[in-house]
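Got your viewer open and ready? Let's take a walk through this one together, stop by stop.

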Amino acid sequence: MDTLFVSKRIFVDGELVEGGILVSDQGKITDIFTRAGEVNSWIYQNGSGEIVDFGDLIIMPGLVDSHVHINDPGRSEWEGFATATKAAAAGGFTTIADMPLNSIPPTTTVENLRAKTNVAHGKVYVDVAFWGGLIPGNASSLMPLVQNGVIGFKCFLCPSGVPEFPHVNEEQVEEAFKILEGTESLLAFHAELECGSHGMSIMEENPKKYSTYLHSRPSIMEKKAIDMVTRLSAKYNVRTHIVHLSSADPLPVIKEARMNGARLTLETCHHYLTLSAEEIPDAHTEYKCSPPIRTAENRMKLWEAIKARDIDMIVSDHSPSTPGIKLLTYGKSRGDFMRAWGGISSVQFGLSLFWTHCQSHELTLNDLHRLLCQEPAKLLGIDSWKGRIAVGYDADFCVWDPDASFAITSDIIHFQNKANPYMGKVVRGKVHATVLRGLIVFKEDEPFANPMGKLILRKKTKRAVQFH
């Protein structure tokens, strides 16, 4: 039976229209009505169809977060598939991509990918894609992982924080470039390189002061890493991506590389756009992430880069851990920024965190759609069936009120460990419902339905021929 979703504000190809979206029982959009008269005509002719009326709430395409750490198996007490995907659904996200580290085993071989997907089956409330990982010694696993459906590979150019996911050097990165050329796969970088010039003085500073941690990871670390990435990306026909850019300093280098033909995209995160170093209290390690949150001046430069379209997308980098590892519990180490786990949990609140600041930065609903939906879907290679309200696309919708405000409190959080730097913050833009392939997976103040998400694994058997 077809379902008609109705609203006075449906986001279709950059405009808000009053009308309806007709969805088949296969979860695909079959027709779009852009006038109230078309809706009434369908209702008159199809009395047996189901009608879901969202009034004047905005119906826009389901959001996409291409950077989420789900630590199951192995560290499920940090985050699991059920809690992470419930949180995503509550935030209007219908597709997320799981990063390859922090689970045990990491997603660095086909066998490890299967261990991950075996745990995920039947537990996901939204669709989930999977990143593979590049680590020393797993070059022979890259092509098999591509063929088994990972969207690309993430690597670290500095220590990752977990022993089972060591960082790679330039020689190992270049080997990966050579292997992936012609596959249309993707190589993504945690772009920080150790510089060695700032370490000794840090040892003498107070580890419970945020400034100590910030000094330990200066922006030159990002600049140095991105210099290397742009140099290599110019040599190979491989899609390349910079994850969680925190510093505005490397932006000119990235812009020049792209102008010269590098297939390079980049993201930043909600915490870099919302928070600043000056406002972080001492010993509040819920603010710790890597790269670190930088100054208010740097934050403004990131917003300017977003307005100039020099940053392609905004993601959560949802990276949870237990309060103990975050050093939020009592004891001598409580509040030690240098020892606490670095990661911020926010997959549920991306839309609201971003929308809260859009008006002051002269950004619109079109910008939100591009940065939190369209470009992440393109990065993941799913933009031919997700990320738009169009005939033939998945009926994935985020239904929200752009004018409603709410406070972020622990009782509304669905991810597993609640600690985050936004607690008590009042934000604007409230999600009322999330629809996945025509089925409501989240509705405000109602229990979750059964998990209906799918695992996105686009298995490939052929490699493109390279012409030189």
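Two strands count as paired if DSSP finds at least two bridges between them. Keep that in mind for the first stop, and remember throughout that you are looking at a predicted model.

**Stop 1: the four-strand sheet**

Select β6 (63-68) and β7 (residues 93-98). These two strands pair in the parallel sense over 4 bridges. Zoom in on V68 and you'll find it standing opposite D98 in β7.

Now add β8 (residues 127-130), which runs parallel to β7 and is joined to β7 by 4 bridges. Here, I96 stands opposite V128 in β8. Bring in β18 as well, and you have an open sheet of 4 strands in the order β6-β7-β8-β18, with parallel pairing. Which strands stand at the edges? They are β6 and β18 (455-456), each with a single partner strand, so one side of each has no neighbour in the sheet.

Before moving on, go back to β7. How many of the 6 residues of β7 are buried? The count is 6 of the 6, so β7 is largely enclosed by the rest of the structure.

**Stop 2: a covered helix**

Next, select helix α2 (residues 81-90), where 8 of the 10 residues are buried. Colour the buried ones: F81, T83, A84, T85, A87, A88, A89 and A90. What covers them? Show β7, α3 (110-120), β8, β16 (426-436) and β17 (439-443), which are included in that cover. You already met β7 and β8 as strands joined by 4 bridges. Just past the helix, click on G92, which follows α2 and has a positive phi, near 90 degrees.

**Stop 3: the six-strand sheet and N138**

Time for another sheet. Select β9 to β14: these 6 strands form an open sheet in the order β9-β10-β11-β12-β13-β14, and the pairing is parallel. At the edges are β9 and β14 (313-315), each pairing on one side only.

Focus on the β9 end. There, β9 pairs with β10 (residues 153-156) in the parallel sense over 2 bridges. The bridge partner of G133 in β10 is K154.

Keep G133 on screen and add N138, found in the loop between β9 (132-133) and α4 (142-147). Is N138 buried or exposed? Its relative accessibility is 5%, so N138 counts as buried. Look at the side chain of N138: one of its polar atoms lies 2.8 Å from the backbone oxygen of G133. Leaving aside residues up to four places away in sequence, N138 touches T108 and G133.

**Stop 4: two hairpins in a row**

Head to the start of the chain and select β1 (residues 3-12) with β2; they pair in the antiparallel sense over 8 bridges. V12 stands opposite E15 in β2. The two strands form a hairpin with 2 residues between them, and D13 in the turn has a positive phi of about 50 degrees.

Follow β2 onward to β3, its antiparallel partner over 4 bridges. L22 stands opposite D31 in β3. This hairpin has 5 residues between its strands, and G27 takes a positive phi near 85 degrees.

While you're here, pick S24, in the loop between β2 (15-23) and β3 (29-33). Its relative accessible area is 17%, and S24 is buried, since the cut-off for buried is under 20%. Apart from residues up to four places away in sequence, S24 touches D2 and T30.

**Stop 5: the cavities**

Rolling a probe the size of a water molecule over the atoms shows where empty space is left. How many cavities of 30 Å³ or more does the structure hold? There are 2.

For the largest cavity, with about 60 Å³ of space, select S319, P320, S321, T322, P323, K326, L328, G343, S345, N417 and A419, which line it. By class, that lining has 4 nonpolar, 6 polar and 1 charged residues.

For the second largest, with about 40 Å³ of space, select the lining residues P61, G62, V64, T94, W385, K386, G387, R388, D394 and D396. This lining divides into 3 nonpolar, 3 polar and 4 charged residues. Leave V64 and T94 highlighted as you finish: both help line this cavity, and their strands, β6 and β7, are the pair you began with, joined in the parallel sense over 4 bridges.

Definitions and conventions:
Residues numbered from 1 in each chain as written. Predicted model: local features only at pLDDT ≥ 70, side-chain atom pairs only at ≥ 80, totals over all residues. Heavy atoms only, no water. Buried < 20%, exposed > 50% of the residue type's maximum accessible area, 1.4 Å probe, protein only. Polar contact = N/O pair within 3.5 Å; in protein donor to acceptor, adjacent residues only side chain to side chain. Contact = heavy atoms within 4.5 Å. 1 Å grid on protein atoms, 1.4 Å probe; cavity = no way out; pocket = protein on both sides within 12 Å on 5 of 7 lines; lining within 4 Å. Points joined across faces, edges and corners; volume = space filled by probe spheres on them. Nonpolar A, V, L, I, M, F, W, Y, C, P; charged D, E, K, R; others polar.
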